[in-house]
Every structure is written in C-alpha cells, then in structure tokens.
Amino acid sequence: MSHRPIRIGPSILAADFLHLGQQLADAEAAGADFIHVDVMDGQYVPNISIGLPILEATRRGTSLPIDVHLMMVDPGRWVAEFAAAGADVITVHVEADTHLYSTLRLIEEHGAAPSVTLNPATPLVMLEEVLPMVRQVLVMSVNPGFGGQSFIPGALDRIARVREMIDRRNPTCALEVDGGIKAGNVHRAVEAGADTIVAGSAIFNDEQSVAEAMDAMRRAVSR
Ligand code: DX5
Ligand code: ZN
C-alpha cells in the first residue's frame with residue numbers, strides 16, 4: 001500500500017510498569033522498530049506520567065532506539081538530561097517552547113534527533129521555520145495528556161498536508177503519528193503519509209499478547 005518503510009513503536013505509557021523489562025523484551029522480540037516514552041509534567045498537560053528514572057531503565061531494557069515525547073513546559077531546560085538518560089529522538093511541542101529554535105539546536109548538540117509536534121488545534125504554519133532543522137515531525141491524533149483516547153479524524157488531513165511540506169522541504173524527515181492508533185485505523189494514517197507509528201493501548205493491553213498485537217499492527221500496515 002505504501003512504498004515507504006513503516007516503523008512501529010509501542011508507547012510504554014500503556015505498559016505494565018511492574019514488568020517493564022519483560023514488556024520491552026516482548027516488544028523487541030515482536031519486531032518493534034523503536035520505543036516511545038511519554039513524559040508529562042502536569043502543567044503543559046493535565047497529567048503526570050514518567051520521567052528520567054524510567055527512561056534510564058528503558059535504556060537498559062532495550063537496544064531499540066528510544067523516541068522521547070516531552071509534553072512539558074519549556075522542554076529546553078531538560079534536553080541535556082533526557083539525552084544523557086538515553087533518548088535517541090527528542091520531540092518537543094511547538095506550543096510549549098518560547099525558544100524552539102534554541103531547543104532544537106540543543107537536542108542536536110546533545111546527539112539526539114530533533115523532532116517537533118503540534119496539538120490537533122495548532123495551525124501547521126507553526127512548522128514553517130523549523131521544518132528544515134528537524135529529523136521528525138509528529139502529528140498528534142489526540143489531544144495530548146492521556147493514553148487510550150479516540151483518534152481524531154481531522155488528523156488525516158493534517159498528516160497529508162505535513163507529508164507535502166516534508167516532501168518539498170525536508171524529504172528525509174520522518175512523519176510520525178501518535179494517539180488512538182489501532183490495527184483497524186492505522187492504514188488510514190499510512191495512506192495519508194505517516195511512516196512512523198506510535199501505539200500504546202493497541203500494543204499493551206489485556207486482550208492480546210504484545211506479539212499478537214504487534215503482528216496485527218504490522219499486517220494492517222503492509223496489506
Ligand atoms: C498521548 C501520548 C501517546 C499515548 C498513545 O498524550 O502522547 O503517546 O501513549 O496512547 P494510545 O495509543 O493508547 O492512544
Ligand atoms: Zn506520545
């Protein structure tokens with residue numbers, strides 16, 4: 001369906017933290033391409049999730065690249081620490097950073113890949129100036145703050161528009177989608193132009209094993 005390789009990364013926000021090592025091993029064995037780590041500060045989003053100690057543990061628990069999604073105010077303050085704790089990609093919200101340019105530079109300087117994201121209601125024009133500086137754009141398909149929310153259909157049009165911008169101005173940039181992705185809707189995000197898929201509750205849940213869930217997701221993107 002898509003000519004570009006599709007990468008799938010489980011979000012450990014939905015994992016069983018009592019057994020994080022096993023959950024990471026299961027995800028890696030099931031062919032996950034990367035691990036997504038959601039950091040929430042209780043201020044930028046109305047929820048607090050996990051931070052540096054869990055990122056450090058995740059780094060020890062997997063050899064996969066780690067994609068850190070910082071849902072926090074002024075993320076630039078913490079870039080050095082998250083890079084040192086094992087982040088390979090660091091995503092910051094355009095809405096949360098007064099000095100986005102400096103933060104993206106800082107991420108690069110600390111040896112991680114700079115990535116930006118925008119909330120569903122933020123105009124895509126916010127990407128204009130920074131697109132050439134980033135190695136990934138994340139299109140949020142839920143309002144950030146919680147796992148297990150429903151996919152916002154308007155995200156598809158946004159993915160398609162970001163795909164056009166990327167193809168024109170930074171063709172090697174990854175296009176990630178995050179929020180409400182299931183085996184039943186992932187093909188729509190891929191058809192719209194996403195190549196990097198984050199899934200939390202669709203991978204870590206009580207109904208299926210991680211292997212079954214990853215398999216269903218993989219089949220859904222390659223059919
Ligand atoms: C939402 C987080 C997502 C979340 C996705 O604020 O950024 O990464 O973990 O979870 P699901 O796939 O359950 O919507
Ligand atoms: Zn996320």
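This passage describes the overall form of a predicted model of one protein chain and then the surroundings of one of its residues, aspartate 178.

The chain contains seven helices and eight strands. Along its principal axes, the C-alpha trace spans about 40 × 40 × 30 Å. The radius of gyration is 16 Å, which agrees with a compact globule, because a globule of 223 residues would have a value near 17 Å. Of the 223 residues, 54% count as buried. Among contacts with a separation of 6 or more, 64% are made by residues 24 or more positions apart in the chain.

The accessible surface of the chain amounts to about 9600 Å². Carbon and sulfur atoms account for 52% of this surface. The chain carries 17 positive and 28 negative charges, and the mean positions of these two sets lie 6 Å apart.

Aspartate 178 belongs to strand E7, which covers residues 174-178. The residue is buried but has no salt bridge. Its nearest side chain of opposite charge is that of lysine 182, at a distance of 10 Å; a salt bridge would require a side-chain nitrogen of Lys or Arg within 4 Å of a carboxyl oxygen. When residues up to four places away in sequence are left out, aspartate 178 touches His36, Asp38, His69, Leu138, Val139, Met140, Ser141, Val142 and Val198. The residues touched thus include two histidines, His36 and His69, and another aspartate, Asp38. Also among them is the run from Leu138 to Val142.

Definitions and conventions
Residues numbered from 1 in each chain as written. Chains lettered and ligands numbered in written order. Predicted model: local features only at pLDDT ≥ 70, side-chain atom pairs only at ≥ 80, totals over all residues. Heavy atoms only, no water. Helix = DSSP H or I, 4+ residues; strand = E, 2+ residues; numbered from the N terminus. Rg over C-alpha atoms; globule rule 2.2 N^0.38 Å. Buried < 20%, exposed > 50% of the residue type's maximum accessible area, 1.4 Å probe, protein only. Contact = heavy atoms within 4.5 Å. Areas by Shrake-Rupley, 256 points an atom, 1.4 Å probe, with all protein chains shown as cover. Lys, Arg positive; Asp, Glu negative; His and termini not counted. Charge placed at Lys NZ, Arg CZ, Asp CG, Glu CD.
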